[in-house]
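Visitor: Please take me through a close look at a single part of this model, with the cut-offs behind each term.

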Amino acid sequence: DGEPSSSMSRQRVTAKGNSVPAAVESFEELMERYNIPGKLLQNLEASGYGQPTGIQAHGVPILLEHRDLAAISPTGTGKTLSYLLPVFASLGAPSSSSDSEHGQGVRALVLAPTRELAHQIHNECLKLAQGRKWRIVLFSKATAATLADKNAQDKVDIVISTPLRMVAALQSGNLKLSNVRHLVLDEADRMLDPEFLEQIREIIAACSYPRVQKAVFSATLPANAERIAMDMMTNPIRVVVGLKDT
Ligand code: ADP
Ligand code: MG
């Protein structure tokens with residue numbers, strides 16, 4: 001926590017895949033290239049994020065170009081923002097600003113292995129969402145119960161959950177993930193471990209939108225987990241960030 005553990009100049013990044021989108025050098029370049037709302041840039045500045053880290057510089061353009069991504073980057077290098085920024089940029093206007101009939105329901109789902117990690121991701125979301133009426137839900141027994149109501153569900157934009165909590169909600173039959181366009185597995189080495197794999201597959205199956213963008217983020221990805229991840233994705237790009245010796 002605190003500062004990202006290295007600046008871009010001390011990170012070595014390799015990206016492999018078909019037609020890999022070019023990395024950006026600054027958040028401003030990102031805004032210009034992808035026409036991202038200025039409010040998001042303001043919120044980045046307000047959060048003290050001056051320059052993108054390596055995984056952000058490479059990963060954000062890839063996700064904004066609707067590609068699937070396997071991102072491997074050390075702890076503390078800003079992986080969270082790498083997937084949240086594209087989610088906020090591509091969701092468009094907050095759904096709660098329109099009337100309830102026009103709510104589109106959950107469009108981004110972030111899964112993390114523990115409640116504590118989900119909580120940290122939720123906090124990062126709140127920083128980026130400042131001043132805009134996004135509905136971001138940290139999934140728990142209580143919020144799941146609230147979202148069993150369809151009208152409430154339609155007003156939610158982003159859900160952050162552990163696999164177990166999400167599977168429980170799916171089995172209750174009250175949660176609809178058919179409009180999810182962005183699915184992120186954080187700490188993917190754990191998420192693709194036998195402990196969670198069946199739950200993950202069940203959740204992916206419930207995300208029935210025709211072209212769900214899938215992204216996995218991890219500090220390490222053992223060969224077996226990586227094979228499973230690559231099989232889940234379509235034409236993925238693999239980005240690996242290594243810290244150079246200082
Ligand atoms: P990871 O998931 O890779 O371990 P996090 O996403 O938790 O890393 O980020 C680690 C810390 O770095 C957090 O405190 C976060 O707020 C901060 N951070 C992320 N991106 C930047 C940036 N571009 N500039 C400065 N700080 C950043
Ligand atoms: Mg992380």
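Guide: What follows starts from helix H11 and works outward through the sheet to a few individual residues.

This is a predicted model, in which local features need pLDDT of at least 70 and side-chain atom pairs count only at pLDDT 80 or more, while totals for chains, interfaces and linings use all residues. Residues are numbered from 1 along each chain as its sequence is written, chains are lettered from A and ligands numbered from 1 in the order in which they are written, and side-chain values use heavy atoms, with hydrogens and water left out.

Helix H11 covers residues 223–232, and its buried residues are Ala225, Glu226, Ile228, Ala229 and Met232. Helices (H or I, at least four residues) and strands (E, at least two) are DSSP runs, numbered from the N terminus. Buried means under 20% relative accessible area, exposed over 50%, and partly exposed in between, with a 1.4 Å probe and protein chains only. Seen down the axis of H11, the buried residues fall within an arc of 160 degrees, so they line one face of the helix; the arc is that of the directions from the helix axis to the C-beta atoms. An α-helix has 3.6 residues a turn, so residues three or four places apart point the same way. On the face turned away from the buried side, H11 carries the exposed residues Ala223, Arg227 and Asp231.

The buried residues of H11 pack against strand E2 (69–72), helix H10 (194–206), strand E7 (213–218) and strand E8 (237–243). Contact here means heavy atoms within 4.5 Å. One residue of the buried set, Glu226, also takes part in a salt bridge with Arg238, at 2.3 Å from N to O. Arg238 lies in strand E8 and Glu226 in helix H11, so the pair ties together parts that are 12 residues apart in sequence. Glu226 is buried at 15% relative accessible area, whereas Arg238 is partly exposed at 25%. A salt bridge is a side-chain nitrogen of Lys or Arg within 4 Å of a carboxyl oxygen of Asp or Glu, and the structure holds 6 of them.

Two others can be set beside this one. Arg107 forms a salt bridge with Asp157, the closest N and O atoms being 2.6 Å apart. Arg107 lies in the loop between helix H4 (79–91) and strand E3 (108–111), and Asp157 in the loop between helix H7 (150–154) and strand E5 (158–161), so this pair ties together parts that are 50 residues apart in sequence. Arg107 is buried, at 3% relative accessible area, and Asp157 is buried at 0%. The side chains of Arg33 and Glu29 also meet in a salt bridge, at 3.2 Å from N to O. Those two residues are 4 apart in helix H1 (residues 27–34), about one helical turn. Arg33 is partly exposed at 33%, as is Glu29 at 27%.

Strands E2, E7 and E8, against which H11 packs, belong to an open sheet of 8 strands in the order E1-E8-E2-E7-E6-E3-E5-E4, with mixed pairing. Strand E1 (11–16) and strand E4 (136–138) stand at the edges with a single partner strand each, so one side of each is left without a neighbour in the sheet. Neighbouring strands are turned by 15 degrees against each other on average, direction ignored. Axes are lines fitted to C-alpha atoms, for helices over the stretch in contact, and angles run from 0 to 180 degrees between N-to-C directions.

Two strands pair if DSSP finds at least two bridges between them. E1 and E8 run antiparallel and are joined by 6 bridges, with Val239 in E8 as the bridge partner of Ala15. E2 and E8 pair in the parallel sense over 4 bridges, and Val239 is also the partner of Ala71. Further along, 4 bridges join strand E6 (residues 182–185) to E7 in parallel, where His182 is partnered by Gln213. Helix H8 (residues 163–172) packs on the sheet, touching E3 and E5, and its direction makes about 120 degrees with that of E5.

Finally, Ser82 is found in helix H4 and is buried at 0% relative accessibility. Beyond its neighbours within four places in sequence, Ser82 is in contact with Ile55, Gln56, Val60, Leu63 and Phe217.
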